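Me: I should like to learn how to read charged side chains in a protein model. May we work through one case together?

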Amino acid sequence: MSDGGTAADVLALLERRGQTLAAAESLTGGLVAAELTSVDGASRSFRGSVTAYATDLKHEVLGVDEALLAERGAVDAEVARQMARGVRRALGADWGVATTGVAGPTPQDGQPVGTVHVAVAGPSDAVAAAALRLEGDRAGIRGQTVHAAVKLLFSELIATAGAKDTEQHDEI
């Protein structure tokens, strides 16, 4: 197993636990789902994804608070949290991961290029989020976001591991 938490590591943990995952993506436009589904056997744990690129879809499909979107815009930590919870509910998954931010080339919602928020919602509906300030071109920012989302998900899976997972950690 790698020490950084790859998509394969995430899916192996989920499969061992009998849990499922769904993704809600904005700036990554399906790249998180693509990363996960590039792993053999991903269908055993990955339920699917929602690419809610348009702000109104974040509300209509994922249940993000409309007033929050109007007040802060889509590039916001709480929006990412609500997207992660919303995709869990919408796709019936144990875990939800979400990405929102500005990949460029121009600022959005008053936020500079490279402002990104990723979030993970778990079975208890508790949410972990990370605010990122990334550099690079559009493709680079999107790729870094995928990596950050998968790493955050892996960290949350490890943090919520039961004794059985901890004992078998080296077998992943």
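Reply: The following exchange takes up an annotated domain, salt bridges and a surface patch in this predicted model.

Me: Which residues does the UniProt annotation "domain: CinA C-terminal" cover?

Reply: According to the unreviewed UniProt entry, this annotation covers residues 7-155. In the model, that span is 43% helix and 21% strand, and its end C-alpha atoms lie 12 Å apart.

Me: How many salt bridges does a search of the whole structure find?

Reply: In general, one looks for a side-chain nitrogen of Lys or Arg within 4 Å of a carboxyl oxygen of Asp or Glu. Here the search of the whole structure finds six salt bridges. One of them joins the side chains of Glu15 and Arg44, at 2.9 Å from N to O.

Me: Which parts of the structure does the pair Glu15 and Arg44 tie together?

Reply: Glu15 belongs to helix α1 (residues 7-17), whereas Arg44 sits in the loop between α2 (31-37) and β2 (46-51), so the salt bridge ties together parts that are 29 residues apart in sequence. As for accessibility, Glu15 is partly exposed at 39%, and Arg44 is exposed at 53%.

Me: With which residue does Arg85 form a salt bridge?

Reply: The partner of Arg85 is Asp125, with the closest N and O atoms 3.8 Å apart. Arg85 lies in helix α5 (residues 77-91) and Asp125 in the loop between β4 (115-121) and β5 (127-133), so this pair ties together parts that are 40 residues apart in sequence. Both are partly exposed: Arg85 has a relative accessible area of 23%, and Asp125 has 25%.

Me: Is Arg88 buried or exposed?

Reply: Buried means under 20% relative accessible area; Arg88, at 13%, therefore counts as buried. The side chain of Arg88 meets that of Asp125 in a salt bridge of 2.8 Å, N to O. Because Arg88 is in helix α5 and Asp125 in the loop between β4 and β5, the pair ties together parts that are 37 residues apart in sequence. Through shared partners, salt bridges join Arg85, Arg88, Arg89 and Asp125 into one network.

Me: Which residues gather in a patch of negative charge on the surface?

Reply: A charged patch is sought among residues with over 30% relative accessible area and no salt bridge. In this model, Asp56, Glu60, Asp65 and Glu66 gather in such a patch of negative charge on the surface. Asp56 is found in helix α3 (residues 55-60). With a relative accessible area of 41%, Asp56 is partly exposed.

Methods
Residues numbered from 1 in each chain as written. Predicted model: local features only at pLDDT ≥ 70, side-chain atom pairs only at ≥ 80, totals over all residues. Heavy atoms only, no water. Patch = residues over 30% accessible without salt bridge, like charges linked within 9 Å, V, L, I, M, F, W, Y side chains within 5 Å. Areas by Shrake-Rupley, 256 points an atom, 1.4 Å probe, with all protein chains shown as cover. Lys, Arg positive; Asp, Glu negative; His and termini not counted. Charge placed at Lys NZ, Arg CZ, Asp CG, Glu CD. Helix = DSSP H or I, 4+ residues; strand = E, 2+ residues; numbered from the N terminus. Buried < 20%, exposed > 50% of the residue type's maximum accessible area, 1.4 Å probe, protein only. UniProt positions renumbered as here; feature names shortened; annotations may be inferred.
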